[in-house]
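Here are some short exercises to work through with the structure open beside you. Try each task before reading its solution.

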Amino acid sequence: MLLRIDHVGIACHNLEEKIEFYESTFGLTVVSREVNEEQGVKEAMLHVTDGPSGASYVQLLEPLHPDTAVGKFLAKRGEGVHHIGYGVADVTQALQDIAAKGIKLIDERPRHGSMGASIAFLHPKDVGGVLTELVETARL
Ligand code: CMX
Ligand code: CO
């Protein structure tokens, strides 16, 4: 069901500072910057590599307000890995298959993610403490 690691989501206080760090330390390149009001984030995707089933990225996330998913996470745990995003061919189908196994979904239906992707989150409590995102890449 999982095609690849699409991205690792990293929570930070200052997006511009973290972009500079990832660029200068690892030589990564920003391919997209977006504000996603629905998810409560200002974010950047940095390209890591291309594989047979698509690309992989680092997703840097700064909260728009303290009372958001990433804002609450930062207050509780500080900066660090926030979630893992896995590539899937069909996010609606994957959600249905995973829900049928009794795993709690955060999103019953896909939402809009970075770069036109359709995304959905699974609850960390049912995935061993890992907030897990499913990503269906936008078709060109
Ligand atoms: N990873 C693992 N556990 C997490 C977590 C995370 N990122 N965020 C919260 N939790 C845990 C908390 O530690 C807490 O555990 P305890 O009950 O043991 O203390 C529990 O989940 C509840 O946490 P909370 O702070 O009360 O937060 P909420 O329940 O309000 O929200 C969650 C938690 C996961 C449902 C919410 O963050 C969410 O809906 N996330 C999905 C959307 C999202 O993260 N969007 C931003 C990224 C967008 C993108 O990738 O494009
Ligand atoms: Co993500």
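**Exercise 1.** Find the helix that holds Gly 71, and decide whether Gly 71 is buried, exposed or partly exposed.

*Solution.* Step one: Gly 71 lies in helix H2, residues 69-77 (helices are DSSP runs of H or I of at least four residues, strands E runs of at least two, numbered from the N terminus). Step two: 19 other C-beta atoms are within 10 Å of Gly 71, so this residue is partly exposed (buried needs 20 or more such atoms within 10 Å, exposed 12 or fewer, partly exposed is in between; C-beta atoms are placed from the backbone).

A note on the model: it is predicted, local features need pLDDT of at least 70, side-chain atom pairs count only at pLDDT 80 or more, and totals for chains, interfaces and linings use all residues. Residues are numbered from 1 along each chain as its sequence is written, while chains are lettered from A and ligands numbered from 1 in the order written.

**Exercise 2.** List what Gly 71 is in contact with, leaving aside neighbours within four places in sequence.

*Solution.* Taking contact as C-beta atoms, placed from the backbone, within 7 Å, the partners are Gly 40, Pro 63, His 65 and Pro 66. Next, check Ala 11: its C-alpha atom is 8.5 Å from that of Gly 71, though 60 residues separate them along the chain.

**Exercise 3.** Which elements give two or more residues to the largest nonpolar core?

*Solution.* First, the core (buried Ala, Val, Leu, Ile, Met, Phe, Trp, Tyr and Cys joined through C-beta atoms within 7 Å) has twelve residues, including Ile 98 and Leu 122. Then, the elements are helix H3 (91-99), strand E7 (118-122) and strand E8 (132-136). Finally, a separate second core of eleven residues includes Ala 11 and Met 45.

Notes:
Contact = placed C-beta atoms within 7 Å.
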